[in-house]
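Dear colleague,

I am handing over the structure we spoke of, with the sequence and coordinates below. Please look it over alongside the notes that come after it.

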Amino acid sequence: SSYGQLWPPATVPPQMFDTFTYGPTYADHPGVHGLAYTWRQYSGSSAYMPLDWGHYLWASPGVDEVQAHIAAVVHDIVQRYEVDGVHLDSVRYAGPGYSYDPLSDAAAGATKTQARDQWQRDRVTALVRQVRHETHALRPDALVSAAVWPYYVDTWGWGVSEGYNDYYQDSKGWLISGAVDAIAPMLYGGAVDDLARWQVLMEDFAATPADGDVYPGIGGYYEDFTAISTRIEAARLAGTGGHVLFSYSSVDTQDYWDDLANGPYKTPAVLP
C-alpha cells in the first residue's frame, strides 16, 4: 500500500518527519502522535528513535508537551465515556540509555548521574500522578492502574533489568504515595514463567505497604491449566487485590474459558 492509503489525509507520512528541524512544526501533526524530534526518546545525545524502529515508539516523559498531551487525551476519554478506569502500559523509559533528548538535556543536563536518574524517575511519576488526577477529577470511582516491570529492584542477584534503575519506573513508590490505585506487575514471559521465581516476585510486590492494590500478571499461554490456577491461588493467599491474565488471545487460543469458569472463577468476585 502507498502512504496515501495507509495514512489519513490530515497526517504526514512518517519519513517526512525526518526532514523537520527542531521547532514547533511537530505540533501541527497530531495524527502521528506528535512524534517529531522533540517528542521522541533519544538513545545518547543524538540518536533519536526512527519512526521505522520496528517496535514501540516512545515519547519522552521529560518533555512538558508530552505530559500535557497524554493528560489531555486521558481527560478527553474520561469526560466522553463512562469508563470504569484507565490502564497505563509502557509508562517508563525505553531503557537506561534513554532519554537524552534536547529538552531533557536542557532541563536536567546531558550527563548520566544519580540526580539525573532521579529526575527521570520523577518525570514518569509526575505523568502517572497527572493521569490519576485527570481521571479522578471527572470520575472519582474510576480505577487508575499501570502495568509495571516484573523486577522492581534485583535484590536476589539474578542479573535482570530493574524497573527502578533501568526504566526509571518507581512502581512501588506509586502505590505507596497514591500516584495510582493499582499496579499490575507483568509476571509472564521468559524467566518469570518459572513458578518459584514468579511466586518470589509476586510476594515481593504484594508486600508493598500501601492502600492501593497489586494485581500480579499471569500468563494465559501455558499448556497446562494448572500453571494458571496455581498462580491464581498463590496470589489470593498472598492477599493481592486480584490478578491479570495476559492475554485474552492466549486464553482464547488455549480455550481455557470453561476451566476458569468451573475452577478459580466459579465463585463470582466482588468488583473493585
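The notes below deal with the nonpolar cores and then with the pockets.

Please keep in mind throughout that this is a predicted model. Its largest nonpolar core has 27 residues, among which Leu-88, Val-91, Val-128, Val-131, Trp-174 and Ile-183 touch the most other members. At least two residues of this core come from each of helix H3 (64-80), strand E3 (85-88), helix H5 (114-138), strand E4 (143-148) and helix H7 (171-177), and H5 gives the most, with 5 residues. A second, separate core of 23 residues includes Val-192, Ala-227, Ala-234 and Ala-235.

Ile-183 also has contacts beyond four places away in sequence, including Ala-146, Val-148, Phe-205 and Tyr-215.

Turning to the pockets, the largest holds about 1200 Å³ of space and is lined by 41 residues, with Tyr-215, Gly-242, His-243, Val-244 and Leu-245 lying nearest its centre. The elements that each supply at least two residues of this lining include E3, E4, strand E5 (182-185) and helix H9 (226-237), and by class the lining comprises 26 nonpolar, 10 polar and 5 charged residues.

The second largest pocket, with a volume of about 690 Å³, is lined by 25 residues, of which Leu-57, Ala-59, Ile-70, Asp-89 and Ser-90 are the closest to its centre. H3 gives the most to this lining, with 6 residues, while E3 and H5 each supply at least two; in terms of class, the lining divides into 17 nonpolar, 6 polar and 2 charged residues.

With best wishes

Notes:
Residues are numbered from 1 along each chain as its sequence is written. This is a predicted model: local features need pLDDT of at least 70, side-chain atom pairs count only at pLDDT 80 or more; totals for chains, interfaces and linings use all residues. Side-chain values use heavy atoms; hydrogens and water are left out. A nonpolar core is a set of buried Ala, Val, Leu, Ile, Met, Phe, Trp, Tyr and Cys residues joined through side-chain atoms within 4.5 Å. Buried means under 20% relative accessible area, exposed over 50%, partly exposed in between (1.4 Å probe, protein chains only). Helices (H or I, at least four residues) and strands (E, at least two) are DSSP runs, numbered from the N terminus. Contact means heavy atoms within 4.5 Å. On a 1 Å grid over the protein atoms alone, a cavity is a set of points where a 1.4 Å probe fits but cannot get out, and a pocket is an open set with protein on both sides within 12 Å along at least five of seven lines; lining residues have an atom within 4 Å of a point. Grid points are joined across faces, edges and corners, and a volume is the space filled by probe spheres set on the points. Ala, Val, Leu, Ile, Met, Phe, Trp, Tyr, Cys and Pro count as nonpolar, Asp, Glu, Lys and Arg as charged, and the others, Gly among them, as polar.
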